[in-house]
Amino acid sequence: MTKKVLMLAAKANMIQQFNHRNIKILQNLGYEVHVATNMVDFGSMSAEENERFKQWMNGNKVVAHQVDFERRMGSLKGNIRSIRQLRQIFKENNFAFIHVHSPLGSILGRLVAKQFKVPTVYTAHGFHFFKGGPKSGWLVFYPLEWIFSFITDTLITINEEDYVLAKKHMHSKHIIRIYSNGVDVLNAKKVTQLEKNIKSKKFRENLCIPESAFVISSVGELSSRKNHKVVLESLNLLNENERKNVYYLIAGIGKEKNNLLKMAESYGFQNNLVLLGYQSDIHSLNFASDVSILPSLREGLGIAGLDAVVDGTWLLGTEVGGVTDYLIDGKNGEFINPENPVSIKNKIEKLLHFKPRVCWNQSLLNFDYSSVDSIILDIYESMNRENNEK
């Protein structure tokens with residue numbers, strides 16, 4: 001009988017961004033991989049990327065199931081519909097275990113898996129409750145995570161803060177920490193400065209940005225949580241001579257696009273704000289940037305910030321979640337207060353006149369694909385052994 005595993009997330013972008021390699025690991029272990037997600041309302045990626053992802057699944061013999069998960073935590077009616085769709089998928093397939101992601105997907109997936117007595121692996125891509133976070137996160141999400149931890153076989157956390165909290169308060173059989181989904185640290189380290197300069201020049205030329213300009217970049221969904229507006233507020237505080245040579249590039253899509261454009265126009269900065277949309281080549285963007293800014297109010301890890309420091313770009317990042325696991329203040333970047341545009345402006349102003357040298361840190365090797373994949377492989381093999389022992 002063919003062994004089957006279900007990979008589940010509310011939105012397709014969560015599978016596309018974080019689970020290509022996990023799917024291949026499962027297939028190499030002999031599993032037939034199924035994916036259950038919303039491929040119509042697919043989340044924070046472009047429609048073109050969503051189509052490429054569907055083609056990738058088809059080409060790699062991944063069985064795709066459309067589930068009409070709603071946004072955020074969904075409505076009662078919508079969640080009941082999603083549960084019915086999931087139940088039908090479980091009825092038609094005998095899954096050895098499932099691997100769930102995202103708050104809504106993980107909750108509904110675990111509910112149905114419990115009913116069908118299917119073991120569950122859950123990756124928490126950053127708890128919605130954290131030190132210094134809003135009380136609403138602790139009042140709503142902490143009880144949910146605590147309750148559902150009782151029906152979770154393996155809980156995977158992606159930052160140190162979540163891991164410590166989970167070990168203390170959650171009740172999953174196994175609690176494991178990985179270093180994000182991984183980035184290509186080893187190959188990034190091999191890129192020469194000459195190669196970076198060539199890619200930087202080409203990237204700037206394509207956008208008609210002068211070589212002498214000071215380029216700031218951010219990567220992330222155009223949303224209130226990603227908080228790009230605070231960077232615009234900070235840039236507006238620079239004097240006119242400083243600001244005219246500064247360009248702010250944002251890679252991402254989202255509902256805050258028009259608000260950001262209006263803000264820039266009101267500041268007279270519209271010609272120097274470039275919304276790049278969805279970008280697949282983040283490395284060239286990092287090479288073309290004098291500084292990367294991650295001003296998020298909440299981050300599970302902040303893969304964009306990790307990419308920046310691995311690429312050797314100075315990072316101004318929020319002191320939340322996994323950002324503190326790779327940003328070493330004064331060595332590869334500086335921490336910022338995401339609610340204080342004056343302090344951010346002061347840091348930018350300093351960087352305009354002095355470009356610090358980014359120091360390599362050996363701990364970044366923990367984030368390499370090979371390290372992360374090794375841990376995931378151990379988890380899947382452990383699930384396989386437990387199934388065989390039943």
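**Exercise 1. Radius of gyration**

Decide whether the radius of gyration of the protein chain agrees with that of a compact globule.

*Solution.* The model is predicted. Start with the chain length: 390 residues. For that length, a compact globule would have a radius of gyration near 21 Å. The protein chain has 22 Å, so the value agrees. For the extents, take the principal axes: the C-alpha atoms fill a box of roughly 70 × 45 × 40 Å.

**Exercise 2. Fold and contacts**

Find how many helices and strands the protein chain has, and what share of its contacts joins residues 24 or more positions apart.

*Solution.* Begin with secondary structure: 17 helices and 13 strands. Next, take the contacts with a separation of 6 or more. Residues 24 or more positions apart account for 70% of these.

**Exercise 3. Burial and surface**

State what percentage of the residues counts as buried, and what area the protein chain exposes.

*Solution.* Of the 390 residues, 53% count as buried. The exposed area is about 18100 Å². Carbon and sulfur atoms supply 51% of that area.

**Exercise 4. Two cysteines**

Classify Cys208 and Cys359 as buried, partly exposed or exposed.

*Solution.* Cys208 has 67% relative accessibility. Exposed means over 50%, so Cys208 counts as exposed. Cys359 has a relative accessible area of 27%. Buried would need under 20%, so Cys359 is partly exposed. As for disulfides, the structure holds zero.

**Exercise 5. Charges**

Give the distance between the mean positions of the positive and negative charges.

*Solution.* Count the charges: 48 positive and 40 negative. Their mean positions are 4 Å apart.

Terms used:
Residues are numbered from 1 along each chain as its sequence is written. This is a predicted model: local features need pLDDT of at least 70, side-chain atom pairs count only at pLDDT 80 or more; totals for chains, interfaces and linings use all residues. Side-chain values use heavy atoms; hydrogens and water are left out. Helices (H or I, at least four residues) and strands (E, at least two) are DSSP runs, numbered from the N terminus. The radius of gyration is taken over C-alpha atoms; the globule rule is 2.2 Å times the number of residues to the power 0.38. Buried means under 20% relative accessible area, exposed over 50%, partly exposed in between (1.4 Å probe, protein chains only). Contact means heavy atoms within 4.5 Å. Accessible areas come from the Shrake-Rupley method with a 1.4 Å probe; for residues, only the protein chains shown count as cover. Lys and Arg count as positive and Asp and Glu as negative; His and the chain ends are not counted. The place of a charge is taken as NZ of Lys, CZ of Arg, CG of Asp or CD of Glu. A disulfide is a pair of cysteine sulfur atoms within 2.5 Å.
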